[in-house]
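Please look at the sequence and the structure shown here before reading on. A visitor and a guide will then discuss the model.

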Amino acid sequence: MRIGLLLPLFSEEASKPLERAHRAEELGFDGAFAFDHLVPLGGPADGPSLEAYSVLAAVAASTERLTLGTLVTRVTLRHAGLLAKQAAGLDEMSEGRFVLAMGTGDEASRIEAESFGFPLPGPDERRRLLEETASACKALFRGEPWAGGSLVPAMTGPLLPPPSTPGGPPVWLGGTSNAVVDIAGRIADGWNGWGLSRERFDAKASRLRAAAAAANRDVSPTWAGLTLVARDRGELASMLAERRDRGLGIGDMWSGTAEELVAFLTGLAEAGATWAVLMLAGPADRLDLVGREVVPVVRSDR
């Protein structure tokens, strides 16, 4: 299994995600990913949020080994042609280290859609848009025209310069609905399940394998989620109490000790996960804790 870090983009400090990415590379993490939001979700519409592709371009230019990716870029926010061009550029700048993970967005995205004038159609239309956008991007990556669909118009391309990766960067689809899992099995290279328990991840990964097998394809399941890691149970109790006192939810957040995180990630790997991307909660030193006590153990089992 490979371990990635979700970069902190809800910030006014452009140096912050770069510093975290550089430290993650030093600690042996495999990747650095960026969510794609124009405002902080769960916060005010005038809160700070750095732009994903700008940050990833800076990380690409200043790292050597990390896989870089979106988690996830939303198809309601970026036209398929522009998205393909941005992804091809990042893949070229990173010398083939880019992953394009995309998703539909949900009601939590409404605040930024209204603030910046982007449409937010219903779930069914967003899923059709996701499938067409992913298919259009993959066609353009291959140097082929996209014939057009009901939502994404025809595009001839070409993407020049082309992506560094032959056929383009891997495309993951993020989402936990059965509909998105099935779409991923039909057309994507990977699927990401956010915040799922081991049991739910196992069930979704099995569904993914069935959908991929029906299409005679091989698609990688991956996991990501908000993660609170403690040195021991006492520290964990204190950190959880502090989050509650601050009005921060724990919802689908994974929480436990470093040793328990190793066990959880090992279980995900046994369920087929090829990546786990961690959005680390708590103090800044959690990055070093995970880098020293979790990453070497889990990666040694690959």
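The following questions and answers concern a predicted model.

Visitor: Which helix gives the most residues to the largest nonpolar core?
Guide: In general, nonpolar side chains in soluble globular proteins tend to be buried together. The largest nonpolar core here holds 86 residues, of which Leu100, Met102, Leu173 and Leu265 touch the most other members. Seven residues of this core come from the helix that gives the most, and that helix is α5 (residues 123-141).

Visitor: How many residues does the other core have, apart from the largest one?
Guide: This other core lies apart from the largest one, and Leu226, Leu228, Leu240 and Ala281 are among its members. The number of its residues is eight.

Visitor: Which residues of helix α5, at positions 123-141, are in contact with Met102?
Guide: Neighbours of Met102 within four places in sequence are left aside here, and the remaining contacts include Val72, Thr73, Val75, Leu83, Val171, Trp172, Leu173 and Gly174. Helix α5 covers residues 123-141. The contacts of Met102 with numbers in that range are Leu130, Thr133, Ala134 and Cys137.

Visitor: Is the pair of Phe10 and Phe35 stacked, edge-to-face or tilted?
Guide: The structure holds seven aromatic pairs. The rings of Phe10 and Phe35 have their centres 4.5 Å apart, and their planes stand at 40°. An angle under 30 degrees would count as stacked and one over 60 as edge-to-face, so with planes at 40° the pair is tilted.

Visitor: How many residues apart along the chain are Phe10 and Phe35?
Guide: Phe10 lies in the loop between β1 (2-6) and α1 (15-27), whereas Phe35 lies in the loop between β2 (31-34) and α2 (52-62). The pair therefore links distant parts of the chain. The separation of Phe10 and Phe35 is 25 residues.

Visitor: Is Phe10 buried, exposed or partly exposed?
Guide: Its partner Phe35 has a relative accessible area of 8% and is buried. The limits are under 20% for buried and over 50% for exposed. Because the relative accessibility of Phe10 is 31%, Phe10 counts as partly exposed.

Visitor: Which residues form one aromatic cluster with Phe33?
Guide: The ring centres of Phe33 and Trp275 are 5.5 Å apart and the planes are at 80°, so this pair is edge-to-face. Phe33 belongs to strand β2 and Trp275 to strand β10 (residues 275-280), so the pair ties together parts 242 residues apart in sequence. Both Phe33 and Trp275 are buried. The residues that form one aromatic cluster with Phe33 are Trp172 and Trp275.

Visitor: What is the volume of the largest cavity?
Guide: Rolling a probe the size of a water molecule over the atoms shows where empty space is left. A search of the whole structure finds one cavity of 30 Å³ or more. Arg74, Thr76, Leu77, Ser109, Glu112, Ala113, Phe118 and Pro119 line the largest cavity, and they divide into four nonpolar, two polar and two charged residues. Its volume is about 40 Å³.

Visitor: How many nonpolar residues are in the lining of the second largest pocket?
Guide: This pocket has a volume of about 200 Å³. Its lining comprises 15 residues, and Val75, Thr76, Arg78, Leu129 and Leu151 lie nearest its centre. Helix α5 supplies the largest share, three residues. Three lining residues are polar and two are charged, while the number of nonpolar ones is 10.

Visitor: Which prolines in the loop between α5 and β6 follow a cis peptide bond?
Guide: Most peptide bonds are trans. In this model, the bond from Gly157 to Pro158 is cis, with omega near 0°, and a cis bond also joins Leu160 and Pro161, with omega about 0°. Both prolines lie in the loop between α5 and β6 (171-174). The prolines in question are Pro158 and Pro161.

Visitor: Is Glu95 buried or exposed?
Guide: Glu95 is found in the loop between α3 (80-93) and β5 (98-103). Phi of Glu95 is near 60°, a positive value in a residue other than glycine. Because its relative accessibility is 69% and the limit is over 50%, Glu95 counts as exposed.

Technical notes:
Residues numbered from 1 in each chain as written. Predicted model: local features only at pLDDT ≥ 70, side-chain atom pairs only at ≥ 80, totals over all residues. Heavy atoms only, no water. 1 Å grid on protein atoms, 1.4 Å probe; cavity = no way out; pocket = protein on both sides within 12 Å on 5 of 7 lines; lining within 4 Å. Points joined across faces, edges and corners; volume = space filled by probe spheres on them. Nonpolar A, V, L, I, M, F, W, Y, C, P; charged D, E, K, R; others polar. Core = buried A, V, L, I, M, F, W, Y, C linked by side-chain atoms within 4.5 Å. Buried < 20%, exposed > 50% of the residue type's maximum accessible area, 1.4 Å probe, protein only. Helix = DSSP H or I, 4+ residues; strand = E, 2+ residues; numbered from the N terminus. Contact = heavy atoms within 4.5 Å. Phe/Tyr/Trp six-rings, centres within 6.5 Å; stacked < 30°, edge-to-face > 60°.
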